[in-house]
Amino acid sequence: MKKRVPQGKKNEKQTGKASCFQLVEKRIAHFKDSRKLKTANNYACALKHFRDFRANKDLAIGDLSAGLMRDFQSYLTEKGLTMNTISLYNRSLRAVYNYALDEGILTTDKRPFRKVFTGLEKTRKRALDSEVAQDLVQLSFPNDEKTAFARDLFLFSLYMQGMPFVDIAHLTKKQLQGNHIAYQRRKTNQSLKVYVHALANAIIKRYRVKDPDCPYLFPILYDPKRKRTILYSSALRTYNRRLARVARLVGLDEPLTSYVSRHTWASLARQSGVADNVICEAMGHNNVSTTMIYLTSLDTGTVAAANRKVIATLTTPREPIRET
């Protein structure tokens, strides 16, 4: 008598119908059990972005295709991720796909990652030096409020210890607690409490959304005039487009992007003599090494002092640069 194959195993082993999300979660759990926490975190970040891309709609691991992964890469590019970060997420998902092949969950390799970037791109200098940063502070926009807003958001990121644009966009009024902002990084889930310097507070007062029905602090994901929400991907594109104009006005050869402010803060902090461990704490890096255990013990006063050093490098009086 022919042995009957259980339906569940047949679906999983022979037709590649195993859940893609669940397989990634299984590998994350495996790496956590193996104490390979950095790898587990990379997989978790890749899964988070892939879930967002899919609007949390799961699919079978066998349904991954070259076209789908190419669209996923385009989605990550629009979000402003670097090619090396995109490569890391592509390689993480590819490793899960290869695991499925090795375990017999998939019997046919469709090579869904053949058209996406999985290499390493040489990192270009992305930080502004102190003189250019000062020029940016002095730049004025008497006839262009939208570009001025983009420049001010860039400076707000600098004043707030390199706060990423995605976290600035999602800041709510409730997160402003006295003279601090408490927030959780959307990329790493790291919790941060940042002292609001007077220069950052001036930007908040200038642009704070007055509509009581809008929870957001800044009019990035909400248009107060039209009373409608804005997709983050659209807001990011608009922000980077306006930053490109700012870059031209200060004479930069390459456009500014949302990530340059974060790299600039770290660079200026190091140039000001701030220790690397304090920089790591201030920026909310999700480091799983033993060093991170020490970093979490740093008080907010130590980090705020580091931020004051950075801001001091930006406030040397200079002649204002006006829009031409």
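Modeller: A residue counts as exposed over 50% relative accessible area, as buried under 20%, and as partly exposed in between. The model is predicted.

Colleague: What makes K227 exposed or buried?

Modeller: The relative accessibility of K227 is 57%. The cut-off for exposed is over 50%, so K227 counts as exposed. K227 sits in the loop between β5 and β6.

Colleague: What is the sign of phi at K227?

Modeller: Phi is positive at K227, about 55 degrees, although K227 is not a glycine. Most residues other than glycine have a negative phi. R35 also has a positive phi, of about 65 degrees, and is not a glycine. R35 belongs to the loop between α2 and α3. With a relative accessible area of 72%, against a cut-off of over 50%, R35 is exposed. Q161, which follows α7, has a positive phi near 65 degrees.

Colleague: How do you know that K227 and D211 form a salt bridge?

Modeller: Their closest N and O atoms are 3.2 Å apart, and the rule asks for a Lys or Arg nitrogen within 4 Å of an Asp or Glu carboxyl oxygen. The pair therefore meets the rule. K227 is in the loop between β5 (222–223) and β6 (228–229), and D211 is in the loop between α9 (198–207) and β5, so the salt bridge ties together parts that are 16 residues apart in sequence.

Colleague: Why is D211 called buried or exposed?

Modeller: D211 has a relative accessible area of 12%. Buried means under 20%, so D211 is buried.

Colleague: How many salt bridges does the rule give?

Modeller: The count comes to eight. One of the pairs is R51 with E25, at 2.4 Å from N to O. R51 belongs to helix α3 (residues 37–53) and E25 to helix α2 (residues 20–33), so with their positions 26 residues apart in sequence the pair links distant parts of the chain. R51, at 22%, is partly exposed, and E25, at 36%, is partly exposed as well.

Colleague: Which residue forms a salt bridge with K48?

Modeller: D52 does, with the closest N and O atoms 3.4 Å apart. K48 and D52 are four residues apart in helix α3, about one turn of the helix. K48 has 32% relative accessibility, which makes it partly exposed; D52 has 38%, and is partly exposed. Elsewhere, R151, D152 and R206 are linked in a network of salt bridges.

Colleague: What makes R70, R111, R114 and K115 a patch?

Modeller: A patch takes residues with over 30% relative accessible area and no salt bridge, with like charges joined within 9 Å. R70, R111, R114 and K115 gather on the surface in a patch of positive charge. R111 is in the loop between α5 and α6 (130–138).

Colleague: How do you know that the span of α7 agrees with its number of residues?

Modeller: Helix α7 (residues 145–159) has 15 residues, and at 1.5 Å a residue the expected span is 21 Å. The C-alpha atoms at its ends are 20 Å apart, which agrees.

Colleague: Why is α7 said to be largely enclosed?

Modeller: Of its 15 residues, 13 are buried, so the rest of the structure largely encloses α7.

Colleague: What separates N84 from T118, in sequence and in space?

Modeller: In sequence they are 34 residues apart, and in space 8.1 Å, C-alpha to C-alpha. N84 is in helix α5 (residues 83–102). Its relative accessibility of 22% makes N84 partly exposed.

Terms used. Residues numbered from 1 in each chain as written. Predicted model: local features only at pLDDT ≥ 70, side-chain atom pairs only at ≥ 80, totals over all residues. Heavy atoms only, no water. Helix = DSSP H or I, 4+ residues; strand = E, 2+ residues; numbered from the N terminus. Expected span 1.5 Å × (residues − 1). Buried < 20%, exposed > 50% of the residue type's maximum accessible area, 1.4 Å probe, protein only. Salt bridge = Lys/Arg side-chain N within 4 Å of Asp/Glu carboxyl O. Patch = residues over 30% accessible without salt bridge, like charges linked within 9 Å, V, L, I, M, F, W, Y side chains within 5 Å. Areas by Shrake-Rupley, 256 points an atom, 1.4 Å probe, with all protein chains shown as cover. Lys, Arg positive; Asp, Glu negative; His and termini not counted. Charge placed at Lys NZ, Arg CZ, Asp CG, Glu CD.
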